[in-house]
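User: Could you walk me through a helix contact and the cysteines in this one?

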Amino acid sequence: MTPFFSRIQSLLLFNRLAIVTISSIYLVIFAGIFVRVTESGMGCPDWPKCYGSIVPPTSIEQLTWFPEKEYSKGQMIIKKTEGLTFLYKAKYSFTSSLHWNNLNWHEISDSEHDYAEFSPFKTWVEYLNRCLGALSGVFIIMLVLISFFYKTIPRYLFGLSFLLIILSLVQYWLGRNVVYSVLESQKITIHFFVALIFIPVLLFLVYKSHFLFKKKSLSYPSSVKKSIIQESFIVENKLKINLKKYFFVFLFFALILSIIQMFFGTQVRGEVDNNIFSALNSFELAFHRFLVPFILLLNIVLIFGLRFLKNNIHHQKVLVEKIGLIVILILLLLTGSYMYLFEIPQSIKPKWTTLIHAYSSVVLFSIYISLLLKKIIYKPI
């Protein structure tokens, strides 16, 4: 395996795979928010399988008991008894007789939860969310293997990659707990914030591997290299004078406020899901709205502050972050205002507006992290 790896640019390969991995994480987070707003979290009432199968059912007939039918161990069915609906799991593989036999089945509600509703749409939304999570796990394992076999990759990059595996295991365990708690709001919040931890770790891997690759591949003559260092020194002094004391302080506070805002946003969503009538008068919504002008003011300062950087932090463009801040702020204000003024007061549970609003907050968090990491990593070469 090592001879094969030695023929490839190690840092470049690691960087490209880190980009693919963080892209998959963004898809997982988007899918997770989509699951929340469509209330599809119980689309698969077990974990890690779905109704006891690797491929979930597409119709209620697949979850209905029939006589003289083969059932595999762990397979689930939904059965109505005396007007009530129950979820059952096969204790072992067998062929059903002409009459129902309780000895062949384990009633899920006896030990785990009593959720026994089936919706093909919700089932497949949750299933695809889990598939994306599994795919991101594969990419993370590949990152660990590459950073391990390539001796030219710094060991701290291997350590951070391995940390992602630990985070993935924690996240899978939290996902299981969310299902068996029947979507308890606090557990969903923890599940969401653990997912956010992947972003700064992976962005660091992307930026650091890119920086090391460029540093290794550059071979300027000494005179050219000297001019670059002098230019970088001038840029560094301008940053010290204009931004170092102010811009990154504002950026840090904006990051902290965004995390607090996301936390209260998840609590507001929990209030809407539990009792939409009381959501308008909840403390969570009041505090969520209270932070809006402060976050808006901080981001306006950041947008104008980026202009002084001349689209450059140590030769790294920040134009994407600047445009991103403007677009995301507009989306957050429009979707948040629309939900507060038109949907919640009319007892409408926001879906697509929540999806855009919540995912925009994740992107805003990513922009803050991106700027901070570019400041830390991209030093003059």
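Analyst: What follows takes the helix pair and then the cysteines, and please keep in mind that this is a predicted model.

User: How do α2 and α12 sit relative to each other?

Analyst: Helix α2, covering residues 10-37, and helix α12, covering residues 352-377, have axes that come within 9 Å and cross at roughly 150°. Because angles over 145 degrees count as roughly antiparallel, α2 is roughly antiparallel to α12.

User: And which hand is the crossing?

Analyst: The crossing in which α2 passes α12 is right-handed.

User: Which residues make the contact?

Analyst: On the α2 side they are Y26, L27, I29, F30, I33, F34 and V37, while α12 contributes W352, T354, L355, A358, Y359, V362 and S366. Sorted by character, the residues of this contact of α2 with α12 comprise 12 nonpolar and 2 polar, with no charged.

User: Switching to cysteines, how many disulfides are there?

Analyst: The count comes to 1 disulfide, and the bond runs between C44 and C50, with an S to S distance of 2.0 Å.

User: Left-handed or right-handed?

Analyst: The disulfide of C44 and C50 is left-handed, because the torsion about its S-S bond is about -85°.

User: Are those two cysteines buried or exposed?

Analyst: Both C44 and C50 are buried.

User: What about C131?

Analyst: C131 takes part in no disulfide, and the nearest cysteine sulfur, belonging to C44, lies 9.0 Å away, whereas a disulfide needs the sulfur atoms within 2.5 Å.

User: How accessible is C131, then?

Analyst: Its relative accessibility is 32%, so C131 counts as partly exposed.

Technical notes: Residues are numbered from 1 along each chain as its sequence is written. This is a predicted model: local features need pLDDT of at least 70, side-chain atom pairs count only at pLDDT 80 or more; totals for chains, interfaces and linings use all residues. Side-chain values use heavy atoms; hydrogens and water are left out. Axes are lines fitted to C-alpha atoms, for helices over the stretch in contact, and angles run from 0 to 180 degrees between N-to-C directions. Helices (H or I, at least four residues) and strands (E, at least two) are DSSP runs, numbered from the N terminus. Angles under 35 degrees count as roughly parallel, over 145 as roughly antiparallel, 65 to 115 as roughly perpendicular and the rest as oblique. A crossing is left-handed if the near helix is turned anticlockwise from the far one by less than a right angle, and right-handed if clockwise. Contact means heavy atoms within 4.5 Å. Ala, Val, Leu, Ile, Met, Phe, Trp, Tyr, Cys and Pro count as nonpolar, Asp, Glu, Lys and Arg as charged, and the others, Gly among them, as polar. Buried means under 20% relative accessible area, exposed over 50%, partly exposed in between (1.4 Å probe, protein chains only).
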